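Work through the exercises below with the model open. Each task is followed by a solution in steps.

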Amino acid sequence: MDKKELKKKYLESKPEMGVFKVINRSNSKIFIDSGLNVNGKVNACKFQLKHGSHMNKLLQEDFKKFGEDNFTFEIVDILEPQEDESLDYKK
């Protein structure tokens with residue numbers, strides 16, 4: 001496959017939808033979230049926590065208190081897209 005074909009294939013591909021969890025290994029708390037682009041959502045979550053802007057204030061406080069090394073990010077499930085094109089995954 002040449003570069004042009006690879007780019008076309010990439011642009012046509014859809015990101016994986018799924019569910020992930022953030023585990024605080026210091027106190028065993030778990031934060032669960034999902035996204036239409038689960039890998040992007042995990043990266044956004046890490047970025048927000050590192051910069052003190054995560055929407056979940058308790059998670060953010062724990063992240064600041066215990067430090068990044070005490071947190072694990074795991075993808076729990078990848079959701080397969082359905083054949084129905086009219087399905088709204090945001091709902």
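A residue counts as buried when its relative accessible area is under 20%. The model used here is predicted.

**Exercise 1.** State what share of the 91 residues of the protein counts as buried, and set the radius of gyration against that of a compact globule.

Solution.
1. With the cut-off under 20%, the buried share of the 91 residues is 21%.
2. For a compact globule of 91 residues, a radius of gyration near 12 Å would apply.
3. The protein has 16 Å instead.
4. The C-alpha trace spans about 45 × 30 × 20 Å along its principal axes.

**Exercise 2.** Give the order of the elements along the chain.

Solution.
1. Count the elements: there are three helices and three strands.
2. Read from the N terminus, the order is α-β-β-α-α-β.

**Exercise 3.** Which residues of helix H2 are buried, how are they arranged about the axis, and what covers them?

Solution.
1. H2 takes in residues 38-50, and its 13 residues reach 18 Å from the first C-alpha to the last, close to the 18 Å expected at 1.5 Å a residue.
2. The buried residues in H2 are Val38, Val42, Cys45 and Leu49.
3. Viewed down the axis of H2, the buried residues lie within an arc of 60°, so they line one face of the helix.
4. An α-helix has 3.6 residues a turn, so residues three or four places apart point the same way.
5. The cover over the buried residues of H2 includes strands S1 (17-24), S2 (30-35) and S3 (71-79), along with helix H3 (57-66).
6. Just after H2, Gly52 has a positive phi of about 70°.

Note on methods
Residues are numbered from 1 along each chain as its sequence is written. This is a predicted model: local features need pLDDT of at least 70, side-chain atom pairs count only at pLDDT 80 or more; totals for chains, interfaces and linings use all residues. Side-chain values use heavy atoms; hydrogens and water are left out. Helices (H or I, at least four residues) and strands (E, at least two) are DSSP runs, numbered from the N terminus. The expected span of a helix is 1.5 Å times one less than its number of residues. Buried means under 20% relative accessible area, exposed over 50%, partly exposed in between (1.4 Å probe, protein chains only). The arc is that of the directions from the helix axis to the C-beta atoms. Contact means heavy atoms within 4.5 Å. The radius of gyration is taken over C-alpha atoms; the globule rule is 2.2 Å times the number of residues to the power 0.38.
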